[in-house]
Amino acid sequence: MSGSAGIDWGALAPTLVVVAGAFSVLLMESLVARRPGPAGGTSARLGAALALVSVGFLVVAAIVAVNAFASGASRTPALFATRLLLDPFAAFLVAGICSASVVCVLLSLQYLQKFRIQHGEYYAL
């Protein structure tokens, strides 16, 4: 390996944004003082903040994927040789999955608050 000069970070960007978002949500939950409710879950405000952070990262990942789709170029990161290819179809699927994940997070807010199961693991997944 010749260092990081040959790595195409643009091809890895959507995946890296989603991973960074998942780590951020988990770290945010673990660092914020948790006040367990009757069911042992975190407060509703923390749950809403976790959802907001999750949605933010998913939207950024979708935007990056849409930009990759708009460019129309097929890119292969040097780090993975030919095992990973970001072509327009893959970028379209990543944008679609990120959009569906945003919808799922937003639709589940009321459900999670109702049953007091506001856990960061849900938003990280």
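# Notebook: Ser 54 and its surroundings

I looked up Ser 54 to begin with: its relative accessible area is 6%, so I enter Ser 54 as buried, the cut-off being under 20%. The model I am reading is a predicted one. I located Ser 54 in helix α2. Leaving aside residues up to four places away in sequence, I found Ser 54 touching Val 25, Val 105 and Tyr 123.

**Entry: the chain as a whole**

I counted four helices and zero strands. Read from the N terminus, the order of elements is α-α-α-α. Of the 125 residues in the chain, 28% are buried. I then looked up the contacts with a separation of 6 or more, and 67% of them join residues 24 or more positions apart.

**Entry: helix α2**

I turned next to the helix that holds Ser 54. Helix α2 has 28 residues, and from its first C-alpha to its last it reaches 41 Å. That span is close to the 40 Å expected at 1.5 Å a residue. After α2 comes Gly 72, and I noted its positive phi, near 75°.

I listed the buried residues of α2: Leu 46, Gly 47, Leu 50, Ala 51, Ser 54, Val 55, Leu 58, Ala 61, Ala 62, Ala 65 and Ala 68. For the spacing of such a list I kept one general point in mind: an α-helix has 3.6 residues a turn, so residues three or four places apart point the same way. What covers the buried residues of α2? I found that the cover includes α1 (9–31), α3 and α4 (120–124).

**Entry: the nonpolar core**

I looked up the largest nonpolar core and found 14 residues in it. Leu 50, Cys 98, Val 105 and Tyr 123 have the most contacts inside this core. The elements giving two or more residues to the core are α1, α2 and α3. Which element supplies the largest share? I recorded α2, with seven residues. Val 105 and Tyr 123, both named above for their core contacts, are also among the residues that Ser 54 touches.

**Entry: the largest pocket**

I put the volume of the largest pocket at about 300 Å³. I noted 17 lining residues, of which Leu 58, Ser 101, Tyr 123, Ala 124 and Leu 125 are the closest to the centre of the pocket. The elements that give two or more residues to the lining are α1, α2, α3 and α4. Leu 58, which I had already listed as buried in α2, thus reappears in the pocket lining.

**Entry: aromatic pairs**

I found three aromatic pairs in the structure. In the pair of Phe 69 and Phe 92, the ring centres are 5.8 Å apart and the planes stand at 45°, so I class the pair as tilted. This pair links distant parts of the chain: Phe 69 lies in helix α2 (residues 44–71) and Phe 92 in helix α3 (residues 88–114), 23 residues apart. Phe 69 has a relative accessible area of 41% and is therefore partly exposed.

I also looked up the pair of Tyr 111 and Phe 115, whose ring centres are 5.0 Å apart. With their planes at 55°, this pair too is tilted, because only angles over 60 degrees count as edge-to-face. Is Tyr 111 buried or partly exposed? At a relative accessible area of 49%, I entered Tyr 111 as partly exposed. Phe 115, at 44% relative accessibility, is likewise partly exposed.

How values were computed: Residues numbered from 1 in each chain as written. Predicted model: local features only at pLDDT ≥ 70, side-chain atom pairs only at ≥ 80, totals over all residues. Heavy atoms only, no water. Phe/Tyr/Trp six-rings, centres within 6.5 Å; stacked < 30°, edge-to-face > 60°. Buried < 20%, exposed > 50% of the residue type's maximum accessible area, 1.4 Å probe, protein only. Expected span 1.5 Å × (residues − 1). Contact = heavy atoms within 4.5 Å. Core = buried A, V, L, I, M, F, W, Y, C linked by side-chain atoms within 4.5 Å. 1 Å grid on protein atoms, 1.4 Å probe; cavity = no way out; pocket = protein on both sides within 12 Å on 5 of 7 lines; lining within 4 Å. Points joined across faces, edges and corners; volume = space filled by probe spheres on them.
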